[in-house]
Amino acid sequence: MIKNLIDKLMGKSPKSNKPHFGRRTEVPASVHRIDPALVDERAIQVTRTLQQAGFEAYIVGGAVRDLLLGLRPKDFDVATDATPEQVKALFRRAFIIGRRFRIVHVVFGRGRDNEVIEVSTFRAYLDNAAAEQVKGNERTSKRQLEGVQHAVDSSGRVLRDNVWGPQDEDATRRDFTVNAMYYDPASQIVVDYHGGIQDANKRVLRMIGDPMARYREDPVRIIRAVRFAAKLCFLGFRLDAKTGKPLVQASTLLADVPQSRLFDEMLKLLQTGHALASIEQLKKLDLVTGIYPLLDVVVERAETPFVQVALADTDRRVGEGKPVAPSFLLACVLWADVREGWSRRLARKEHPHPALQDAIDEVFDARIGDVSGRGKLAADMREIWMMQPRFEKRVGSTPFGLVEQPRFRAGFDFLRLRADIEEVDIRLADWWQEFSMASDSEREDLVQAAKSEQQALQIARPRVRRAPRPDGAAALGSALPPRDSAPAAPADSVDGVAPKRRRRRRRTTGAGGESGSAE
């Protein structure tokens, strides 16, 4: 206090605790060379609508970074000085979402063809020391957070941040310099406060401000650092030394982040086209364990043949612009647990079908927990697994019923990956590939051929009664129960009795259609 008084008498201004907000630099198109053809027309429409209403509006974040690198962004976000309520009022289909950070989703199109432009309001810089503090964390303090605009927990993590401010403060609140630039499609000017363009040219991922303090504000930034390093490593990007150094120490902060949020961040690591690279970055940064239990399993099994081909297949599909589903990838990761549990139960002479059901329940309890709410994710995974024994049955009515299942493509893609690693005979996957694309009469021929092949094998097989294998190994080779166990009833049977005749069936989508792993 005395020092401040002396400084005032001597004409010196007291030091401010406010961070350096950077200096506004406007970079013209002749310098940044962004190709306007790479900009999504709907993102341009959102910025134009806001600007015509008298507001500032820019494309922001990773989209600007990708445009500077000559890439076509997959997602476009917009930042504006309009409040969420003002944004919502300007668009016919706009929805305010979120409590922690209130944003607006402007929706174009319908069904699978819809696109969402995420619009956020410029946020003010607020000193966390002056924020309202709550005793618990985001999971335990929901009542205390009602009506609060800016709140932190005891560790300094921001639990609410809905105070609006100018653009320079909004830029400082963002994480990496290359993600804190603003592009105006109308003037084609890039606004840069923290040297993002220089860092993009140098291929450096640098945190704005003190990295440890920023990780403390939001520990999920640790996972984001890994994801961006994995996504951009192919372009020569590397983590700045000061940004990467505190990651291991800061990872303990993830313990207080809600499991649902960590689950979503794990899926972003694995389903944005850089799953294998993300796992390599986790190993490189010494973060192979401790982020999220299910992610630990993925990293641990990443080099096993089945999981490796599943991760590579996911990266390939994303690279081809095809959608992917978390249920398919997680079903691949946890298949070894399901098979092991099923084998144990078969060794105890349990009936194959309920034994498989119980093995799946055991895996859900141990690995998934309540994150999915046992909802669609768990239902889809269960359906993929339960289909595998049925693929072995190629006679009677089973093939006709199975190919019409909504999740047939997912189950078949799973079978195809198993064939790729020689867990099942490749001829089985080829047969189902042909069956799924065939006409009704061709399907009848394929089933008849499979029946004849089965009869020929039975004739050729010596009639020697073999003792059942006690370890259940007979079931593991092809994911089937032992031969002497009762077969599963067809899906359309009643009390285990298959119908005598079937109606003529419509042709299903062939291999050229969407993969089940993409649903």
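Is Cys233 buried, exposed or partly exposed? Select Cys233 in the viewer and show its surface. With a relative accessible area of 28%, Cys233 is partly exposed. The model on screen is predicted.

**Cysteines**

Now move to Cys332. Its relative accessibility is 1%, so Cys332 counts as buried, because buried means under 20% relative accessible area. A search for disulfides will turn up nothing: the structure holds zero of them.

**Confidence**

Colour the chain by pLDDT before going further. The average over the chain is 82, and 76% of the residues score at least 70. Select residues 137-142, where pLDDT stays under 50. The model has 15 contacts beyond four places in sequence for residues 137-142. Then select residues 469-519, another stretch with pLDDT below 50. Beyond near neighbours in sequence, residues 469-519 have 104 contacts in the model. Where pLDDT is low, the predicted coordinates should not be read in detail.

**Tyrosines**

Next, show the aromatic side chains. The structure holds 17 aromatic pairs. One of them joins Tyr58 and Tyr182, which meet edge-to-face at 6.0 Å centre to centre, with 75° between the planes. This pair links distant parts of the chain: Tyr58 is in strand E2 (residues 57-60) and Tyr182 is in strand E10 (residues 181-184), 124 residues apart. Tyr58 has 9% relative accessibility and counts as buried. Tyr182, at 0%, also counts as buried.

Keep Tyr182 selected and add Tyr193. Tyr182 and Tyr193 form an edge-to-face pair, 6.4 Å centre to centre, with 90° between the planes. Tyr193 lies in the loop between strand E11 (189-192) and helix H7 (196-202), while Tyr182 lies in strand E10, so the pair ties together parts that are eleven residues apart in sequence. Like Tyr182, Tyr193 is buried.

**An aromatic cluster and two arginines**

Which residues form one aromatic cluster? Select Phe391, Phe400, Phe408, Phe412, Trp431, Trp432 and Phe435 to see it. Stay on Phe435 and add Arg443, which lies over the face of Phe435 at 5.1 Å from the ring centre. For another arginine placed over a ring, go to Arg227: it lies over the face of Phe228, at 5.2 Å from the ring centre.

**Nonpolar cores**

In soluble globular proteins, nonpolar side chains tend to be buried together. The largest nonpolar core here has 73 residues, and Leu295 and Trp385 touch the most other members. Select helix H16 (residues 326-347) as well, since the largest share of this core, eleven residues, comes from that helix. Then centre the view on Leu295. Apart from neighbours within four places in sequence, Leu295 is in contact with Met266, Leu269, Leu270 and Leu282. A second, separate core has 28 residues, including Ile44, Ala57, Val78 and Val190.

**Last stop: His274**

Where is His274 found? His274 sits in the loop between helix H12 (259-270) and helix H13 (275-284). At 18% relative accessibility, His274 counts as buried. Display what surrounds His274: leaving out residues up to four places away in sequence, His274 touches Ala230, Lys231, Phe234, Leu269 and Asp315. Leu269 has appeared on this tour already, as a contact of Leu295.

Note on methods: Residues numbered from 1 in each chain as written. Predicted model: local features only at pLDDT ≥ 70, side-chain atom pairs only at ≥ 80, totals over all residues. Heavy atoms only, no water. Phe/Tyr/Trp six-rings, centres within 6.5 Å; stacked < 30°, edge-to-face > 60°. Helix = DSSP H or I, 4+ residues; strand = E, 2+ residues; numbered from the N terminus. Buried < 20%, exposed > 50% of the residue type's maximum accessible area, 1.4 Å probe, protein only. Lys NZ or Arg CZ within 6 Å of the ring centre and 35° of its normal. Core = buried A, V, L, I, M, F, W, Y, C linked by side-chain atoms within 4.5 Å. Contact = heavy atoms within 4.5 Å. pLDDT = per-residue confidence, 0-100. Disulfide = S-S within 2.5 Å.
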